[in-house]
Structure formats: C-alpha cells, structure tokens
Amino acid sequence: MLRHKYVVCVVVGVFLSWNVIMYYVLMSRHPRTASKLIPASMELDILDIGIQNQLRQNLALLTKLQSLRNETERNPMPNKPGPMVLPDRKGDGSNLGKVVLPVLMIACDRVTVSRSLDQLIKHRTTKEQFPIIVSQDCANKPTSDVIQKYVTSDNVIHIKHPNQSNFELNKKDKKFVGYYKIARHYKWALDQVFFKFNYSTVIIVEDDLDIAPDFFEYFSATYPILTSDPSVWCVSAWNDNGKNGMVSDEPELLYRSDFFPGLGWMMEKKIWLELGPKWPIAFWDDWMRYQDQRKERVCIRPEICRTSTFGKKGVSKGLFYEKHLKHIKLNDKFVAFTKKDLSYLSKKNYDPWFTRQVYDTPEVTVAEVMSGSKKHLKALRVTYTTKDQYKTTAKKLGIMDDFKAGVPRVAYRGVVSFIFHGQRIYLAPKQDWQKYDPKWT
C-alpha cells in the first residue's frame, strides 16, 4: 500500500510541476520580439494550439492517475500489515496498545443467533476494539432479519455468502453435504476478513456459542503469545474434556495443546495465507489437525472453557451433545488475564516445567485411581503405551477417547490432563515419548 501511495504522489508531483513549467514557458515569450517575426493574430493561434496540447496531456495524466487509484482500491497490497491499533482518542494514553481483534461469527439458519450476539455485545469492552462481522450462509431470511437488527445499533457488519449452489456428491457422501457447505463458507468468510477488511488477526465463533464474561479479556491477553511465539498457531477458548467435575476450580489455568480445539479460536493472517490456498472441501477442522497443517505447532487452551454450545441440532445431528457437549462447564468468574504474566506459556518456559510437573507425579494404575486409595496425593499419573490401552483407560475415567491424526484430545506431548473425583490426573506416555503415531486414529 505504501508503494502505491508513493507512485500516486510522484504522478501528482509530475502533473503539477509540468503545469507550472508550461505556464511560464507559454507566458514568458516577449511580445515585442514575437511581433517582429509573426503577426499578433498568428501568435494567438499558436498560443491557443499550445494550450490545447497541454490540456490533452493533462487529461492523459489525469486518466493514468485515476486508473492507478482504481487499481489500488481493487487490489490492496497483500503485504504483512501491522496489527490495527486503536488511536488514542481520549488523549490520555488509555487506548494505546489495544490491538483491534475482530470477531467473525459463522451463521446459517439459526434465529437464536441473537443469543450469541447479545452476549458478544454485552461482554466486549468497546465496539471499536472488537468489531463483529456476521457471515451468513444458507440464505435464510428469518435469520437474516434477526442479524439486521444489530447492524445499525451495535456496530455489527452483516455479510452474506454469495455461493448457494449445491454440491454434486455420490450417494454415500450426500449425508455429509453440510460439512462441504461449512468448509466453503469458512473459506469465503475468512477471505473477507483478511483481504476485504484487511484485519491482521481474527477471533472465530459460531452462531450457537455462549461465551464467558472474560472471553475478550482472555483473547486480548493471549494475543502477544500468539504473535511472538512461532510454535503457537492458535488460541482456543475450548477444552474438549471441560465437563463439570473434570476441571479444577482454577479458571486462570492455561495450557499448551497439540490438539486443535476450535469452538471459539483466534489466528493470525499469516496462518490464513498458509492455509487458505489449500483449504479442504469438507471437514476443515479435522483437516487442520493433520501434521501437514499443524507442523508441530500448538494452541493455547484454558482449563475451564470460555465458550459452550447450545446448538444441539446441526450438521452433526447432535453427535456427542447429550453425552458430552451439554455438560461442558462455562467459566463464570472474570480473570484479569491482561494483568497476569503469561510468559510461562512460551515453549522455552513451558516444556521444562510441564515435564517435571507430569513425571515427578507418582505413577499408579487406573484401578488405584478409581478406588480412591491414593486420594491423599495431590496428583497421579497413569501410563499408557498403546492406542487400545489409552482408549480403555480414557473410557474408564470418563474423558474423550478418540484421536485425530494420532493426537488425543487436549494432549500436549502425549499427555492428557484432567480432574477425576477432585484429583489431578495425568494420562501420559512414558517419559521417553518422541512423537505421535498418525496410525492411531
């Protein structure tokens, strides 16, 4: 963009300079000298011709300038812009350093989108720092009418996915058509956020999420980690094992996770520049969990979720909702994360601490955990060495037992941390663990 502005300035400078020069050239001819060579009437004709030529040249320059301006507006430079920062409007420095973090809400045909929007508007500190963009698919008019009510009064931007065509799928895959449409919508919506609106970071939510009172505080505080630690590629508000009774009463606890959680998450434009060109046609969240995309990078996730879902019905047909999702605990205590030192989450600080925390914990069997015979200890560690052993133990202790690209949900370095009957449990591989096995799926 700076380069385009520079070119425009140069053209304007040349234009003005040329006019000034030609003015003096045309007007500086000595009338008495000229009258000795040609009649006055002819001199006026020559002057008129010169002026007409100059006007034509001016028009050509103006046309080029307009063309350059139009090209700049159509194709803003896809450079690496710095983060948008609020201006210090009060003059007291209170806004300095507050990065603008837009919220992109993915919506379709739920008129209950108002429930999510009401909470976002209620809990955001300012609409300038946290603008809301609702991207709607499905062309559902009742839902569109609900969203429109927020546009003028609450600084909400409503955009609509233009492609409503159907996918031609074979009989076996037709039941998954919703996942194809969601992936297509995500691709379009994220392109809008990063290339049309030109934001450098985005918080992504869906239209069936409740949010915690410190939702925006959490993302504001973790933003510096996301942008400074190259091993972190997202921040998520979600803990897959965050059910009531399976999390501690410490809402300030945050972790690194090799598993991509989603369900309220933040990423930078540089990640989208990497993912967007190869975005999948369906099942985008599972696709992100493969090593080809993850590349050993991690997400920051909380002990207690900062989002929960009320969307029982959707493309997944309520899969896991009754058994799992509706039991997720949503944090209700505000944590002033921006006033806390979160440098412990950087890889160089976190890994040594985490390794000691896990492997200095006494090792026990799953039977001992379930019996409560070691209840006097603050934490316990259960070891697994095979996929089946992990799944069996996970089912007994009540956590999710599936893998995505070989990674257990919420795991970091193979370790899954949770609470069982009030006691911290680490379900962990042996200490010499090296990497995930993608065949564990």
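A salt bridge here is a side-chain nitrogen of Lys or Arg within 4 Å of a carboxyl oxygen of Asp or Glu. By that rule, the whole structure holds 22 salt bridges, and this tour stops at some of them after a look at one helix.

Before you click, note that this is a predicted model, where local features need pLDDT of at least 70 and side-chain atom pairs count only at pLDDT 80 or more, while totals for chains, interfaces and linings use all residues. Residues are numbered from 1 along each chain as its sequence is written, and side-chain values use heavy atoms, with hydrogens and water left out.

**Stop 1: helix α7**

Select residues 215–228, helix α7. Helices (H or I, at least four residues) and strands (E, at least two) are DSSP runs, numbered from the N terminus. The expected span of a helix is 1.5 Å times one less than its number of residues; for the 14 residues of α7 that gives 20 Å, and the end C-alpha atoms sit 21 Å apart, which agrees.

Now centre on Thr222, where α7 bends by about 35° (the angle between axes fitted to the seven residues ending there and the seven starting there). Pro224 follows within four residues.

Show the side chains, too. Ten of the 14 residues of α7 are buried, meaning under 20% relative accessible area with a 1.4 Å probe, protein chains only. Among them are Phe215, Phe216, Tyr218 and Phe219, plus Thr222 at the bend.

**Stop 2: just past α7**

Pick Asp229 and Arg256: this pair makes a salt bridge, with the closest N and O atoms 3.2 Å apart. Asp229 is in the loop between α7 and β6 (232–236) and Arg256 in strand β7 (residues 254–257), so the bridge ties together parts 27 residues apart in sequence. Both Asp229 and Arg256 are buried.

**Stop 3: a long reach in sequence**

Next, select Asp240 and Arg409, whose side chains meet in a salt bridge at 3.0 Å, N to O. Asp240 lies in the loop between β6 and β7, and Arg409 in the loop between β14 (407–408) and β15 (416–420), so the pair ties together parts 169 residues apart in sequence. Asp240 is buried, as is Arg409.

**Stop 4: helix α10**

Go to Arg294, which bridges to Asp258 with the closest N and O atoms 3.7 Å apart. Arg294 belongs to helix α10 (residues 291–294) and Asp258 to the loop between β7 and β8 (265–268), so this pair ties together parts 36 residues apart in sequence. Arg294 counts as buried at 4% relative accessibility, and Asp258 does at 8%.

**Last stop: a network**

Finish by selecting Arg110, Asp207 and Asp208, which are linked in a network of salt bridges.

Note on methods:
Buried < 20%, exposed > 50% of the residue type's maximum accessible area, 1.4 Å probe, protein only.
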